[in-house]
Amino acid sequence: MVLGEAKDIKIVFTDIDGTFFSHSAHRVPPSAIQAALKLQEKGIKVFLCSGRNYYLIRKSGILNIFTPDGLVTMNGSNAIIDGNVIYRYPISPEVVDKMVLFAKKLKFGLTLIEENEGHINMIDDRVISAHEKYGTRFPQPRHYPDHYDRTVYQMIAFIDQFEENLIAPHLGKCKFARWDEYAVDVMLKDSDKAKGIMSVLQYYGYTQKNAMALGDGSNDVEMLLYAGIGVAMGNAKEETKAIADYVTDDIDEDGWANAFRHYGLID
């Protein structure tokens, strides 16, 4: 972990779900919007850093109330600045085809996420339950051919832990980040939010010490470790809190804004 100081921070990377966007209140807390604008006024860039792709971020409505300086999407597989994708790291077709085969054999929902859209093979109770909890809409179902000939950056398998344990050994190039009892993100082992952040820092000529990251989930661990300052929300998973430099308040208790007050970056 690279230890940073508040005086060095030039850019902030924030997770969306459970960090910047509250699913209990179904909104971004007003204090978070105000804090983000204050940071930008001071010349500190604010990037949304999410497991969602651009389409799903836009559909959330966040971009209608706040304009970030850029996006790191699909758990670090894309980085977008001024509408241009500056970094891409797709999953190989062979890995995607293997997951499609598992979905057909075990009959589970599988979302394949592309740069600007996503598709799902089927909708069942697990898919409905997971999306209802997070207030997101699932894409229209479509048939997956045995060879999926479109570029995929991330997959979501609607499976339980037992099924994950069955599949994981056969997908050696992948890692799994669970976000629901019946839903898990599947991505390349060497791809994570930190890799996307790295590409953004290189673009601006910044170092790790210039970056602050905020998150709550298991897919936020790498970026919190990579950034000069890593902050976990009060509602974060214990594994995320354990590696954070600071644990702020719950998202619904102004935790996002309070993190910056703690470090003296805003009043």
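Which strands does helix 4 (residues 93–106) lie across, and at about what angle to strand 6 does helix 4 run? The legends below take up this question and several others, and they describe a predicted model.

**View 1. Helix 4 against the strands of the sheet.** Helix 4, made of residues 93–106, lies across strand 6, strand 8 (154–157), strand 9 and strand 10 (183–188), and its direction makes about 160 degrees with that of strand 6. Helix 5 (residues 125–134) also packs on the sheet, where it touches strand 7, strand 9 and strand 10. The direction of helix 5 is at about 65 degrees to that of strand 9.

**View 2. An open sheet of five strands.** Following the sheet from one side to the other, the reader meets the strands in the order 7-6-8-10-9, and their pairing is antiparallel. Strand 7 (118–120) and strand 9 (174–180) are the edge strands, each of which pairs on one side only. On average, and with direction ignored, neighbouring strands of this sheet are turned by 20 degrees against each other. Strands of a sheet are held in pairs through backbone hydrogen bonds, and the pairing may be either parallel or antiparallel.

**View 3. The pairing of strand 6 with strand 7.** Strand 6, which covers residues 110–113, pairs with strand 7 in the antiparallel sense, and the pairing extends over three bridges. To find one position in this pairing, look for Thr111, which stands opposite Ile120 in strand 7.

**View 4. A salt bridge between helix 5 and strand 9.** The side chains of Lys133 and Asp180 meet in a salt bridge, with a distance of 3.0 Å from N to O. Because Lys133 lies in helix 5 and Asp180 in strand 9, the pair ties together parts that are 47 residues apart in sequence. Lys133 is partly exposed, with a relative accessible area of 45%, whereas Asp180 counts as buried at 7% relative accessibility. Side chains of opposite charge can pair in this way when their charged atoms come close.

**View 5. The salt bridge of Lys193 and Asp220.** Are the two partners here buried or exposed? Lys193 is buried, with a relative accessible area of 1%, and Asp220 is likewise counted as buried, at 0% relative accessibility. The closest N and O atoms of Lys193 and Asp220 are 2.6 Å apart. This pair links distant parts of the chain, since Lys193 belongs to helix 7 (residues 193–204) and Asp220 to the loop between strand 11 (211–215) and helix 8 (221–226), 27 residues apart. Through salt bridges that share partners, Asp15, Lys193 and Asp220 are joined into one network.

**View 6. The salt bridge of Lys7 and Asp8.** In this pair the side chains of Asp8 and Lys7 meet at 3.3 Å, N to O. Lys7 is exposed, with a relative accessible area of 65%, while Asp8 counts as partly exposed at 22%. A search of the whole structure finds 15 salt bridges.

**View 7. An aromatic cluster.** Which residues make up the cluster? Phe13, Phe47, Tyr203, Tyr204 and Tyr206 form one aromatic cluster, and the whole structure holds 10 aromatic pairs. Phe13 and Phe47 form a tilted pair, with 5.4 Å from centre to centre and 50 degrees between the planes. This pair links distant parts of the chain, with Phe13 in strand 1 (residues 11–14) and Phe47 in strand 2 (residues 45–49), 34 residues apart. Phe13 and Phe47 are both buried. Tyr204 and Tyr206, by contrast, form a stacked pair, with 5.4 Å from centre to centre and 25 degrees between the planes. Tyr204 counts as partly exposed at 24% relative accessibility, and Tyr206 is buried, with a relative accessible area of 19%; the cut-off for buried is under 20%.

**View 8. Helix 1 and what covers it.** At 1.5 Å a residue, the 12 residues of helix 1 (residues 30–41) should span 16 Å, and the end C-alpha atoms of the helix are 17 Å apart, which agrees. Within helix 1, the residues Ser31, Ala32, Ile33, Ala35, Ala36 and Leu39 are buried. An α-helix has 3.6 residues a turn, so residues three or four places apart point the same way. What covers the buried residues of helix 1 includes strand 1, strand 2, helix 3 (62–65) and helix 10 (255–262). Helix 1 is followed by Gly43, whose phi is positive, near 90 degrees.

Methods: Residues are numbered from 1 along each chain as its sequence is written. This is a predicted model: local features need pLDDT of at least 70, side-chain atom pairs count only at pLDDT 80 or more; totals for chains, interfaces and linings use all residues. Side-chain values use heavy atoms; hydrogens and water are left out. Two strands pair if DSSP finds at least two bridges between them. Helices (H or I, at least four residues) and strands (E, at least two) are DSSP runs, numbered from the N terminus. Axes are lines fitted to C-alpha atoms, for helices over the stretch in contact, and angles run from 0 to 180 degrees between N-to-C directions. Contact means heavy atoms within 4.5 Å. A salt bridge is a side-chain nitrogen of Lys or Arg within 4 Å of a carboxyl oxygen of Asp or Glu. Buried means under 20% relative accessible area, exposed over 50%, partly exposed in between (1.4 Å probe, protein chains only). Rings of Phe, Tyr and Trp (its six-membered ring) pair if their centres lie within 6.5 Å; planes under 30 degrees apart count as stacked, over 60 as edge-to-face and the rest as tilted. The expected span of a helix is 1.5 Å times one less than its number of residues.
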